[in-house]
Amino acid sequence: MEFRIIISGTGGQGVLSAGEFLSEAFFREGYEVVTTRSYGAEARGGSARSEVIVADEEIYDLEIHEANVIIAMSMPAYRSFIGRARKGALILVEKQLLSELTDKDFRKDVYMVEIPANETAVALGNPIVANMVFLGALIRKIGLLNPEKLEETVKKLIRPALQEINIKAVRAGYSIV
Amino acid sequence: MTVKNLRYYREKFVRHLPTRFCPGCGNGVILNAFVRALDDLSIPQERVLCVSGIGCSAWIPNPYFSGDSLHTTHGRALAFATGAKVYNRNLKTVVFTGDGDGAGIGGNHLIHAARRNVEITTILVNNMNYGMTGGQTAPTTLYGGLTTTTPYGNPENPFNLTSLVASAGATYVARWSTYHVIELTKSIKEALQNEGFSFIEVLSQCPTQQRRMFGLSGTSSEAPQRILEMFLESTYIRGQPLKNNYLYAIPKKTPEAVFKSVETKLSGFHPKLKIVDHMAFGRIIKINTERVEEVKRSLKDLDDVEKVADPLEGKIELGVFVKCERPEFVKTLHNIIERVGENRYGV
Amino acid sequence: MLKAGKHLVLGNVACAEGAIRAGCRFFAGYPITPANEISHHMSIELPKVGGFYLQMEDEIASISAVLGASWAGAKAMTATSGPGFSLMQEGISYAHMTETPCVVVDVQRSGPSTGQATMPSQMDVYQAKYGAHGDYEVVALVPWSVQEMFDLTIRAFNLAEKFRTPVLLMADGVIGHIMEKLVIPEQVEIVDRRRCSSREAMPFGTDDPSRVPEMPLFGEGYRLIVTGSTHRESGFRDESPKYHAMLVKRIREKILKAESEISDSVGYYLEDPKIVVISYGATARPSFGAVKKARKGGLEAGLFRLRTLWPFPDREIRRLAEAAEKLIVVEMNSGKILREVERASRGCSEVLSLPKIGGVLHSVDEIYKAIMEAYQ
């Protein structure tokens, strides 16, 4: 078992912290994890990316040449990374982006799931937790973690005042798909 | 200042003699002033760390100073010294550097050490050229100066190092020359007691290379004294009353060739005339007189005289320029450790 | 500092954690991608243990401050990447000549020049060996995992202290920037420099078979003279041919004679190898994956992984060349260690190159394909 996950979006959307939560949660569950983040100038403004490899045995391929899961939180991110999706990959895409996608943006050989992450996060009271909605949806789809494990990690890494809304976002994401 | 005989200082502070400095070099004068300052302050030499870079000035402490000395790479002495001082703040850390070493290749380290206000005394020996490598132009060579790499005159302007270091944030800044030994020694003592970055620029004679630069055509054995006298002639000390009873006549030809006509022209004023060496103007005629304005007017229509210079024109200011307090770097680092330290087991 | 136990951390953070456990109490550096997290972590952790973090005005000042601190008694380090590593060569050369223990970490990125500043490479392996001026012998370690960022940083300090020499940790942007498992033990083995036993000890000469002199420190009353110029055993400058030959011979031999102790490599599936993949650092990871895959398919492939680049394991490479049919050198540059392998194998087997430039790492499949092709 091995998942090669690219979380992508625009700087400020919580891409890097999403990668960190997810990695830590997998790690605590006993999986092998290798996580890479985009850095330097890349990480400021522009597009941001976090790559998480999770497996039940040692990981040798340290870079994601082909992903089997992609979370796309913005249009530029979608267009940058859709080409790196393996055949049959799971693509979680922000629902609001769908209207902007043209025919040539679609791939027929992948399994695309729209996630109303922004809408859900706004309804919860803060658009910044859209990343956690995606994570909730992701763990439901790949089935490696239960939401409680992710919530534990959220509690460890996020300051108390923001824990509740993040946990709600994870649960909402989990029940959307 | 107690005066002890030279042998006392040699035996106590100097590791090895004779030195490899050229005859008449200013380095010996500076070493002398330094060890006298240490002795006067009763600083145990075991606590002193001298750090130097590359160039003639670097050899003042290494190997001649009998204490710890670190002879480093070109221009980097201050960076090495910063590391040593930070890790062991008990070291009385002194950097010897030159104008090429400290203001050329090491200029960046100089301004940053001053900015940090790290407790290091820096003695910068300024001979206005790269002496060791063959008299090339330096960032301190005067405009128009002749060096082995400015054969048609230096097209660049020199740094004013004390202004530079003062504006970078040093808390003690002074400039002296090797002529001003007493003042220099006193200044080194003040610098050693300053809790912060101290900078002393010392104009120093380099008889080997400066004869070309200052057009000293005489014998090499008379050069050191002439350069020292030139330092006196070309400088003034901040805060001291200025004499206004002289002028300089800058001749079109050699001063000897013009001397007679100046003498004749000014005979009515009975001035005292003397040929002197001046850093800004070269070899010129100094006119001592109480009737300065009249002499000036009278010389205006003398064809042989290029220009008449006032006493202060082209002179370099000496003295102590900065004495102030700012947070010191190593102390601040220790304060941070006090604040955040969980278990302290550093020095 | 992280507690003993299992953590998910960044390679660069593991390096800083290892350094502090090895006794590092002085760090001076200058910002550069992809080494910054080492500085960040050191700036947080060092003051907590009574240590000092300095951000200097450039990399030359950084290595210089490290060397000054080392003579004041500190276990000291700096961390940088290619362009900064170039600037540090002056100080590294000085460290060789003055036998100053220190650790320099190069988290290699893709050059020449600014190149792909945020992307990884293994392009500085020769700069590590030959970058500084003069005659000297280099010790350079190369980690392939976050765990080894920790372990080899500790080893780097131990070797630096034991041999009174600068030790290079030639990490790469992949290993520096991945997060993966790090297990921190309760205790680590630490070596401290041999301090002077008497006032008469010679700081730059010794009769000891190790050829490593005892090291006095500033401020202890030795009236120590340290110089980058050629010097006698006492430290006194003497540029005569005799003293230069004596000094340079000793500082080289102290490393060369200890080669078997310093040199470190790991072999996998080398019992009956037909194809041996030779790799180091990040590229050894997909290499291992590829070799395992080849083994599953019944191919006699093995992996020889360098954990020290320098001194180079000539004898082991020769032995592999004699035993195997083909060697494949896998590295993230245009083929550098390849030449060392060719030299050391002395024509005993065919040496193939699988280079990679562009700031990306080989995939398992790419290397597997190369093994397959070599096999035919």
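Here are four short exercises, with worked solutions, on a predicted model.

**Exercise 1. Work out which residues of helix H3 in chain A are buried and how they sit around the helix axis.**

Start with the helix itself: H3 of chain A covers residues 117–124. Count a residue as buried if 20 or more other C-beta atoms lie within 10 Å of its own. That picks out A:Ala117, A:Thr120, A:Ala121 and A:Leu124. Now look down the axis of H3(A): the buried residues fall within an arc of 95°, so they line one face of the helix.

Next, ask what lies over them. The cover includes two strands of chain A, E5 (85–94) and E6 (111–115), along with helices H4 (130–142) and H6 (160–176) of chain A. Finally, step just past the end of H3(A), and you'll meet A:Gly125 with a positive phi of about 115°.

**Exercise 2. Describe the side of chain A that touches chain C.**

First, get the head count: chain A puts 16 residues into the contact, and chain C puts in 19. Then sort chain A's side by element. Helix H1 (15–28) and strand E2 (32–37) of chain A each give two or more residues, and E2(A) gives the most, with four. Last, sort by residue type: chain A's side splits into seven nonpolar, five polar and four charged residues.

**Exercise 3. Find the strand of chain C that pairs with E2(A), and give the sense of the pairing.**

As background, strands of a sheet pair through backbone hydrogen bonds, either parallel or antiparallel. Here, E2(A) teams up with strand E9 of chain C, residues 178–184. The sense is antiparallel, over two bridges. To pin down a partner, take A:Thr35: its bridge partner in E9(C) is C:Met179.

**Exercise 4. Lay out the five-stranded open sheet of chain C and find a helix that packs on it.**

Write down the strand order: E11-E13-E12-E15-E16 of chain C, with mixed pairing. Check the ends next. Strands E11 (265–268) and E16 (350–355) of chain C are the edges, since each pairs on one side only. As for twist, neighbouring strands are turned by 20° against each other on average, ignoring direction.

Now zoom in on one pair: E12 (residues 275–280) and E13 (residues 301–306) of chain C run parallel over six bridges. Within that pair, C:Ser279 has C:Arg305 in E13(C) as its bridge partner.

Then add the helix. H12 of chain C, residues 337–345, packs on the sheet and touches E12, E15 (326–331) and E16 of chain C. To finish, compare directions: that of H12(C) makes about 155° with that of E15(C).

Notes. Residues are numbered from 1 along each chain as its sequence is written. Chains are lettered from A and ligands numbered from 1 in the order in which they are written. This is a predicted model: local features need pLDDT of at least 70, side-chain atom pairs count only at pLDDT 80 or more; totals for chains, interfaces and linings use all residues. A residue is buried if 20 or more other C-beta atoms lie within 10 Å of its own, exposed if 12 or fewer, and partly exposed in between; C-beta atoms are placed from the backbone. The arc is that of the directions from the helix axis to the C-beta atoms. Two residues are in contact if their C-beta atoms, placed from the backbone, lie within 7 Å. Ala, Val, Leu, Ile, Met, Phe, Trp, Tyr, Cys and Pro count as nonpolar, Asp, Glu, Lys and Arg as charged, and the others, Gly among them, as polar. Two strands pair if DSSP finds at least two bridges between them. Axes are lines fitted to C-alpha atoms, for helices over the stretch in contact, and angles run from 0 to 180 degrees between N-to-C directions.
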